[in-house]
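Got your viewer open? Here is a tour to follow step by step, selecting as you go.

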Amino acid sequence: MNEKELLTKKFIKVSMNDVQISTDDKPIIGTDSLATCTGVLLYSEIKKRAIVAHVACETKNIFYRSLELAYKNGFNDAFIKYKIIPGYYFNHYETKKELDSLYGSIPNLLIPFDEKDIPEDAIIKDEKTPSLKFAFDASSGKFVTDKVCFGKEYIDINENNISTK
């Protein structure tokens, strides 16, 4: 098994209008199909956990669900870095603006990622569709988008993993 397949088995892919948190077994988390949707990444360096949201609508609901997940997992003992990632078609400016306002309204807890910590290949355009994707490794605090599988590759790897158990 190659490195990309091994890393993909440790990857949680977040679906549209969902919020997920990384785990010890699956420290890599991200999403794809960000065309008109917006992605959100929250990261605790102390907990070595990341939360990803894929926001198509229900902006406030997703915001509150992400904070609830952060609170339930003990993120409140340190700063949480966050990044809001607009989709490929940045025509849903209002969604990003609302998310910026919501996450930015909690200055004691949330701080934006320093842009120098985000490499150029952190957010990648999908080769087959006009959308963006990203993957983040909470155990290392680094983006690993180019090292994991998305789409059909992701499904195939996970189906093969299930059928071999």
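Helices and strands here are DSSP runs, at least four residues for a helix and at least two for a strand, numbered from the N terminus. Keep in mind that this is a predicted model.

**Stop 1: the whole chain**

Show everything as a cartoon. You should find four helices and 10 strands. Walk along the sequence and the pattern reads α-β-β-β-β-β-α-β-α-β-β-β-β-α. The radius of gyration is 15 Å, close to the 15 Å that the globule rule gives for 165 residues, so the protein is as compact as a globular protein of that length. Rotate the C-alpha trace: along its principal axes it spans about 45 × 35 × 30 Å.

How much of the protein counts as buried? Of the 165 residues, 45% do. Contacts also reach across the sequence: among those with a separation of 6 or more, 67% are between residues 24 or more positions apart.

**Stop 2: helix H1**

Select leucine 7, which lies in helix H1 (residues 3-8). Its relative accessible area is 17%, and the cut-off for buried is under 20%, so leucine 7 counts as buried. Now light up Ile28, Lys147 and Val148: leucine 7 touches these, not counting residues up to four places away in sequence. Try the distance tool on leucine 7 and valine 144, too. They are 137 residues apart in sequence, yet their C-alpha atoms are 9.1 Å apart in space.

**Stop 3: strand S3**

Next, select threonine 31 in strand S3. Is threonine 31 buried or exposed? It is buried, with a relative accessible area of 0%. Leaving aside neighbours within four places in sequence, threonine 31 is in contact with Val14, Val52, His54, Lys133, Phe134 and Phe150.

Two of these partners deserve a click. The side chains of threonine 31 and histidine 54 are joined by a polar contact of 2.7 Å. Valine 52 is 21 residues away from threonine 31 in sequence, with 7.6 Å between their C-alpha atoms.

**Stop 4: the largest pocket**

Stay with strand S3, as it helps to line the largest pocket. That pocket holds about 430 Å³ of space. Which residues come closest to its centre? Select Asp126, Lys128, Lys133, Phe150 and Glu153: of the 18 lining residues, these are the closest. The elements giving two or more residues to the lining are strand S3 (28-34), strand S8 (123-125) and helix H4 (151-163). H4 provides the largest share, three residues.

Try colouring the lining by class. You should get three nonpolar, five polar and 10 charged residues.

**Stop 5: the loop after S8**

Move on to serine 131, in the loop between S8 and strand S9 (132-137). Being in a loop doesn't put this residue on show: serine 131 counts as buried, at 4% relative accessibility. Show its surroundings and, leaving out neighbours within four places in sequence, you will find it in contact with Ser33, Leu34, Ala35, Tyr88, Ile124, Lys125 and Asp126. Asp126 is also one of the residues closest to the centre of the largest pocket.

**Stop 6: helix H2**

Select threonine 59 in helix H2 (residues 59-72). With a relative accessibility of 10%, threonine 59 is another residue that counts as buried. Its contacts, beyond neighbours within four places in sequence, are Thr95, Glu98, Leu99 and Leu102.

**Stop 7: two positive phi angles**

Time to check some backbone angles. Most residues other than glycine have a negative phi. Now select asparagine 17, in the loop between strand S1 (11-13) and strand S2 (18-21). Its phi is near 55 degrees, a positive value in a residue other than glycine.

Lysine 48 is the next one to pick, in the loop between strand S4 (38-44) and strand S5 (49-55). Phi of lysine 48 is near 55 degrees, again positive in a residue that isn't glycine. Lysine 48 is partly exposed, with a relative accessible area of 38%.

**Stop 8: out on helix H4**

Finish at lysine 152, in helix H4. Is lysine 152 buried or exposed? At 60% relative accessibility, it counts as exposed. For a last distance, pick leucine 109 as well: it is 43 residues along the chain from lysine 152, and 37 Å separates their C-alpha atoms.

Note on methods
Residues numbered from 1 in each chain as written. Predicted model: local features only at pLDDT ≥ 70, side-chain atom pairs only at ≥ 80, totals over all residues. Heavy atoms only, no water. 1 Å grid on protein atoms, 1.4 Å probe; cavity = no way out; pocket = protein on both sides within 12 Å on 5 of 7 lines; lining within 4 Å. Points joined across faces, edges and corners; volume = space filled by probe spheres on them. Nonpolar A, V, L, I, M, F, W, Y, C, P; charged D, E, K, R; others polar. Buried < 20%, exposed > 50% of the residue type's maximum accessible area, 1.4 Å probe, protein only. Contact = heavy atoms within 4.5 Å. Polar contact = N/O pair within 3.5 Å; in protein donor to acceptor, adjacent residues only side chain to side chain. Rg over C-alpha atoms; globule rule 2.2 N^0.38 Å.
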